[in-house]
Amino acid sequence: MYDLPEEISVRADGPLRIITLNRPDNLNAVNDALHSGLAKLWPQLSDDRDARAAVLTGSGKAFSAGGDFTYLAELATDTVLRDKTIAHGRDIVLGMARCRVPVVAAVNGPAVGLGCSLVALSDIVYIAEDAYLADPHVQVGLVAADGGPVTWPLQISLLLAKEYALTGQRISADRACELGLANHKVADPMAEALSCAKRIAGQPRQAVEATKRLLNIHLERAVLATLDYATTAENLSFQTEDFKQNITRLTAGKS
């Protein structure tokens, strides 16, 4: 219903918008089309005056497995694509921070890399019992300009943000809830997220949207304080030998 690539599905359920990352055969790994679509999504959702709340989930077994290795390899050599991707990463982070519509994440499976970031930027998070979060940017050789380090210091202690960002260690559903990176561990995150989104959609509109904005002013200020440095550093990290060697190894291991 929006002007988006097929890698993102948006359907209406009354005042709700159900947003689905739609590359199930690739565990919803992020390619150029999906990344570009995410950059375009949030302004369109904000402009949709009939939308009162949204649920964000992944198709199939994963929420999102992170960056598609082929796409990441292209970013090492294609400067035009890399510049576009860096700009779109900024748009995704700020777009979610500024989106007027409350977003409830239904984390149905692993949420890795940008998938983990989408969870961190959502307003309420329901996570499946066997799902996990992880931000492996550093392991691959990248700076996480649109990743956990941008938002985690607002949600968990700085020490823990450093631990998970620098090691890429998986965060189980139980641990995510314990830390405050997810609200609830549930057997059926989609059903719970829909129920929550319907409750929000039934609340007075101006109060909901202004309260979300009030809370997200803190998030936006934190993001803006670091985003320029982060995007510049990430752009440079795509050009390092460490990243190129890692992505060559990972791509070869996938084939």
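These are my notebook entries on two backbone angles and some salt bridges in this structure. I kept in mind throughout that the model is predicted.

**Entry 1: the loop before α1**

I began with the loop between β2 (16-21) and α1 (32-47), where L27 sits. Most residues other than glycine have a negative phi. I therefore looked twice at L27, whose phi is positive, near 55 degrees, although L27 is not a glycine. N28 is in the loop between β2 and α1 too. N28 also has a positive phi, of about 55 degrees, and is not a glycine either.

Next I asked myself: is N28 buried or exposed? N28 turned out to be buried, with a relative accessible area of 0%. For L27 I noted 40%, which makes L27 partly exposed, because that class runs from 20% to 50%.

**Entry 2: salt bridges, starting with K84 and D32**

How many salt bridges does the structure hold? I wrote down 12, and then picked a few to look at.

My first pick was K84 with D32, whose side chains meet at 2.9 Å, N to O. What does this pair tie together? K84 lies in helix α3 (residues 79-98) and D32 in helix α1, so the salt bridge joins parts that are 52 residues apart in sequence. I checked the accessibility of both partners as well. K84 is partly exposed at 32%, and D32 is partly exposed at 24%.

**Entry 3: D174 and K185**

I moved on to D174 and K185, whose side chains form a salt bridge of 2.8 Å, N to O. Here a helix is linked with a strand: D174 is in α8 (residues 173-179) and K185 is in β9 (residues 184-186), with their positions 11 residues apart in the chain. K185 has a relative accessibility of 36%, so I filed K185 as partly exposed.

**Entry 4: E220, R213 and R98**

My last pick was E220 with R213, a salt bridge of 2.8 Å, N to O. Which of these two residues is buried, and which is partly exposed? E220 is the buried one, at 9% relative accessibility, because the cut-off for buried is under 20%. R213, at 35%, is partly exposed.

I then looked for further partners and found R98. R98, R213 and E220 are linked in a network of salt bridges.

**To remember**

I want to keep two things from these entries. L27 has a positive phi, and so does N28. The pair K84 and D32 ties helix α3 to helix α1.

How values were computed. Residues numbered from 1 in each chain as written. Predicted model: local features only at pLDDT ≥ 70, side-chain atom pairs only at ≥ 80, totals over all residues. Heavy atoms only, no water. Helix = DSSP H or I, 4+ residues; strand = E, 2+ residues; numbered from the N terminus. Buried < 20%, exposed > 50% of the residue type's maximum accessible area, 1.4 Å probe, protein only. Salt bridge = Lys/Arg side-chain N within 4 Å of Asp/Glu carboxyl O.
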